[in-house]
Amino acid sequence: MTTLTLARPDDWHLHLRDGAMMRAVLPWTARDFGRAIIMPNLVPPIVTGAQAGAYRDRILAALPEGSAFEPLMTLYLTEDTDADDVAAAHASGLVKAVKLYPAGATTNSASGVTNFDNVRLVLDRMAEIGLPLCVHGEVTDHDVDIFDREAVFIDRTLDPIRKATPGLRVVMEHITTSNAVDYARAQDDSLGATITTHHLVINRNHILAGGIKPHYYCLPVAKREEHRLALRAAATSGEARFFLGTDSAPHTDANKLLPCGCAGCFTAPNTLPILAQVFEEDGALDRLEAFTSKNGPAFYGLPVNADTITLTKTAPDLPGHIDTEDGAVTVFDPGFDLTWSVQ
Ligand code: NCD
Ligand code: ZN
């Protein structure tokens, strides 16, 4: 196969940041993707409908001329979130999901949730109106090993929340373990799970063996090879509950290459060439479109994008880093030469 046409993909988990960084990274997503779920972990976070509306306007203003890219906004759940404000932002069509960060789990998550009793009314309201909860699924307890934090979260937090809030639609975001794959598979269709590009490619050895590689450090951190293989099997299965959320999370090299460097892989420019190669390697090119373009809209109750993109079997001409006014941002290096290009 040398060309592949897909309904235009969407990205169901994306960090666009703001200001100069947003202006530099947004064109890369807008080039290949029709829509993206925009993460609200700015400083300060996007908590209210009014803040989400203003952020959406800034994104639209930064789009390249003629781009039809549509940002799908989210609200950052705090213990002070107002259920009426959430419901109004959803009813107006502005907000497509609410994001749950356990306090302290990742970049800019300090305003997240510590006591889940304090968000119960908001979650009940979301279940009532059919607004999905996107979950960063890691416990933050210092006594839990970082490689176990996702699996422990499922038992300790996620499953109890779902049982206490029947009907709540939940996205397990950026899953990294076979435990998460197994849990997702055992649930009804109120549960979806996103998988990133980089977690299909790297395991923890890529970060730690033969010298530390800060550009491969992200959260949730990549796990053992057996987990990567479980994610590959899930993504390439075509099953409706699994869809693409790149978690493309740009940080300047200056902020990555520190004694305490930031977490995040920047995959917006090369996600589709990487995915085409991954799916081809696994004999699943015919299921790529389900993962990138069909399963996500179905979960969110949105139409599949009407236009298409075409990939061709030629080495892409992509940068190793992009320049921003804040400094260089390194593009995720999959560690192999890419063979597919977006036309
Ligand atoms: C994200 C970021 O930089 O905002 N980092 C990451 O490693 N994925 C935050 C997140 O989604 O956890
Ligand atoms: Zn993220």
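Visitor: Which backbone atom of L219 lies by an oxygen atom of ligand 1, and at what distance?
Guide: A backbone N or O atom of L219 sits 2.7 Å from an oxygen atom of ligand 1. That is a polar contact, meaning a pair of N or O atoms within 3.5 Å. Keep in mind that this is a predicted model, where local features need pLDDT of at least 70, side-chain atom pairs count only at pLDDT 80 or more, and totals for chains, interfaces and linings use all residues. Residues are numbered from 1 along each chain as its sequence is written, chains are lettered from A and ligands numbered from 1 in the order in which they are written, and side-chain values use heavy atoms, with hydrogens and water left out.

Visitor: OK, and what does R17 do with ligand 1?
Guide: A polar side-chain atom of R17 is 2.8 Å from an oxygen atom of ligand 1. On the nitrogen side, a polar backbone atom of A263 lies 3.1 Å from a nitrogen atom of ligand 1.

Visitor: How much of ligand 1 does the protein bury?
Guide: Taken alone, ligand 1 exposes 310 Å², and the protein buries 100% of that. Those areas come from the Shrake-Rupley method with a 1.4 Å probe.

Visitor: Which residues come nearest to ligand 1?
Guide: R17, T106, L219, D247 and H251, out of the 14 residues around ligand 1. A residue counts as near if one of its heavy atoms lies within 4 Å.

Visitor: How does that shell divide into nonpolar, polar and charged?
Guide: The shell around ligand 1 has 4 nonpolar, 8 polar and 2 charged residues. Asp, Glu, Lys and Arg count as charged, and Gly goes with the polar ones.

Visitor: Switching topic: where are the cis peptide bonds at P44 and P220?
Guide: P44 is in the loop between β3 (35-38) and α2 (49-62), and the bond from V43 to P44 is cis with omega near -5°. P220 is in the loop between α7 (204-208) and α8 (225-235), and the bond from L219 to P220 is cis, also with omega near -5°. Most peptide bonds are trans.

Visitor: And the whole chain, how many helices and strands?
Guide: There are 11 helices and 13 strands, counted as DSSP runs (H or I, at least four residues, for helices; E, at least two, for strands). The radius of gyration is 19 Å, close to the 20 Å that the globule rule gives for 343 residues, so the chain is as compact as a globular protein of that length. The radius is taken over C-alpha atoms, and the rule is 2.2 Å times the number of residues to the power 0.38.

Conventions:
A polar contact is a pair of N or O atoms within 3.5 Å; within protein, one must be able to donate a hydrogen and the other to accept it, and residues adjacent in sequence count only if both atoms are side-chain atoms.
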